Amino acid sequence: VPADYDIGDTVTADEAKRLVAANTPRYIPKFAILNKHNKVSWNWMAFFFPCGWMLSRKMYKNGVIAGLLTVISTLLYLPLNVAVYNLGFTDNGTYQQAAQSIYQNLPQIGSAVLIVAVLGFILNIAIRFVSAIFGDYLYKLYTIDTIKTIRAESEDMDYDYRKKGGVNIFLFLIGTMAVQYLPAMIAVFI
């Protein structure tokens, strides 16, 4: 992509490259392709780690929303986990044995518990697919908005590009750990 290529709203590829900083060979060509009519691409990091990826790319609002929805989806599994635990099933069995035990004890578990668990599963998958499909487009919008803000308000553009752009691995770890462990901590109090 040429350095002076307009990726949107008069933001050039070179400016986007300065803000993105890490993995620019992947993102800058994606930004050039994505527009109002083509918002779809695929991002594996956004699929496997929606909250962590968004936070690491400093899209805080999107990352927090993805994280909260992921925690909610995990909490929706909780009633099924409790029901399976109450059946006396241990972790030593296979998935087939667990499925068979659930099926045999379906009247005791209740259909509402299964429906809530399925809704949690669907929400989790939806978060992952939406993040993976639209993540690059959201990142492009974030990049354009941030560059426009830096242009308008910055006294030291190089500093602001480094501060507001790039990747924050610490936030990736915090986001990933939060969605992993926060549901378990909440479950203790429920």
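## Ground rules

Buried here means under 20% relative accessible area, exposed means over 50%, and partly exposed is in between (1.4 Å probe, protein chains only). This is a predicted model, so local features need pLDDT of at least 70 and side-chain atom pairs count only at pLDDT 80 or more, while totals for chains, interfaces and linings use all residues. Residues are numbered from 1 along each chain as its sequence is written, and side-chain values use heavy atoms, with hydrogens and water left out.

## Helix H11

Let's start with helix H11, residues 169–189. Helices are DSSP runs (H or I, at least four residues), numbered from the N terminus. The 21 residues of H11 should span 30 Å at 1.5 Å a residue, and the end C-alpha atoms are indeed 30 Å apart; the expected span is 1.5 Å times one less than the number of residues. There is still a kink of about 35° at Tyr181, shortly before the proline Pro183. That bend is the angle between axes fitted to the seven residues ending at a residue and the seven starting there.

At the N-terminal end, Asn168 acts as the cap, with a side-chain oxygen 3.0 Å from the backbone nitrogen of Phe170. Buried residues in H11 are Leu171, Phe172, Gly175, Val179 and Pro183. Their cover includes helix H3 (44–48), H4 and helix H5 (60–75).

Take Val179: it counts as buried because its relative accessible area is 18%. Setting aside neighbours within four places in sequence, Val179 is in contact (heavy atoms within 4.5 Å) with Cys51, Gly67, Thr70 and Val71.

## The nonpolar cores

A nonpolar core is a set of buried Ala, Val, Leu, Ile, Met, Phe, Trp, Tyr and Cys residues joined through side-chain atoms within 4.5 Å. The largest one has 20 residues, and Ile7, Phe31, Trp53 and Tyr139 touch the most other members. Helices H1 (13–20), H2 (24–33), H4 (50–56) and H9 each chip in at least two residues, with H9 giving the most, five.

Trp53 has plenty of company beyond four places in sequence: its contacts include Tyr27, Met45, Tyr139 and Phe172. A second, separate core has seven residues, among them Leu80, Ala83, Val84 and Ile109.

## The loop at Ser154

Ser154 is in the loop between helix H9 (111–153) and helix H10 (157–164). Its side chain makes a polar contact of 2.6 Å with the side chain of Asp160. For a polar contact, the rule is a pair of N or O atoms within 3.5 Å; within protein, one must be able to donate a hydrogen and the other to accept it, and residues adjacent in sequence count only if both atoms are side-chain atoms. A polar atom of the Ser154 side chain also lies 3.2 Å from the backbone nitrogen of Met157.
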